[in-house]
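Work through the following exercises with the sequence and the model side by side, and try each task before reading its solution.

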Amino acid sequence: MTDTSSPRTLAAYLEGLREALTGLPKAVIQDAMADAEEHVRAEMAARPNLSEAEVLARVTAQYGRPAEVADEYRKMEVDGERPAPREPHRGAPASVAGAP
């Protein structure tokens, strides 16, 4: 059974994402991992008053759980497009905000 709870640490989020990306090309995995880490770290920096677990809960609500993010990258492989998060956050790097 798949765990649908929010990861409580950046390491757990990235571990779940890496597992969910299994089978995709190495370059896609690296891109997805870098985008996700950059997004989470930006959220952490923007919200220093929140705990890591609270930030991860926000990230999973906005960006998606690891399996959801991996699904978007799988679609990208089929459609040839870059996935966009559900809701870009203020100050998000262009790659995370879904911009070309």
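The exercises below go from the whole chain to single helices and then to single residues.

**Conventions.** This is a predicted model, in which local features need a pLDDT of at least 70 and side-chain atom pairs count only at pLDDT 80 or more, while totals for chains, interfaces and linings use all residues. Residues are numbered from 1 along each chain as its sequence is written, and side-chain values use heavy atoms, with hydrogens and water left out.

**Exercise 1.** Describe the secondary structure of the protein chain and state where confidence is lowest and highest.

*Solution.* Begin with the elements, taken as DSSP runs numbered from the N terminus (helices are H or I over at least four residues, strands E over at least two): the protein chain has five helices and zero strands, and its pattern along the sequence is α-α-α-α-α. Next, consider pLDDT, the predictor's confidence in each residue from 0 to 100; the average over the protein chain is 82, and 75% of the residues score at least 70. Confidence is lowest in helix α5 (residues 94-97), with a mean of 42, and highest in α1, at 96. Over residues 84-100 the pLDDT is below 50, although this stretch has 27 contacts in the model beyond near neighbours in sequence, a contact being heavy atoms within 4.5 Å.

**Exercise 2.** Compare the expected and actual span of α2, and find how its buried residues are arranged around the axis.

*Solution.* The expected span is 1.5 Å times one less than the number of residues; for the 21 residues of α2 this gives 30 Å, which agrees with the 30 Å between its end C-alpha atoms. Now list the buried residues, where buried means under 20% relative accessible area, exposed over 50%, and partly exposed in between (1.4 Å probe, protein chains only): in α2 they are V28, I29, A32, M33, D35, A36, H39, V40 and E43. Viewed down the axis of α2, these buried residues fall within an arc of 165°, so they line one face of the helix, the arc being that of the directions from the helix axis to the C-beta atoms. On the other side of α2, K26, A27 and A45 are exposed.

**Exercise 3.** Which residues of α3 are buried, and what covers them?

*Solution.* In helix α3 (residues 52-62), the buried residues are A53, V55, L56, V59, T60 and Q62. Their cover includes α1 (10-20), α2 (26-46) and α4 (66-79). Just after α3, G64 takes a positive phi of about 115°.

**Exercise 4.** Identify the residues of the largest nonpolar core that touch the most other members, and then place V69 and L17 by their contacts.

*Solution.* A nonpolar core is a set of buried Ala, Val, Leu, Ile, Met, Phe, Trp, Tyr and Cys residues joined through side-chain atoms within 4.5 Å. Of the 20 residues in the largest one, Y13, L17, L21, Y63 and Y73 touch the most other members. The elements giving two or more residues to this core are α1, α2, α3 and α4, and α2 gives the most, with six residues. Turning to V69, which lies in helix α4, its relative accessible area is 4%, so V69 is buried. Not counting residues up to four places away in sequence, V69 touches Y13, L17, Y63 and G64. With neighbours within four places in sequence likewise left aside, L17 is in contact with A32, M33, A36, P66, V69 and A70.
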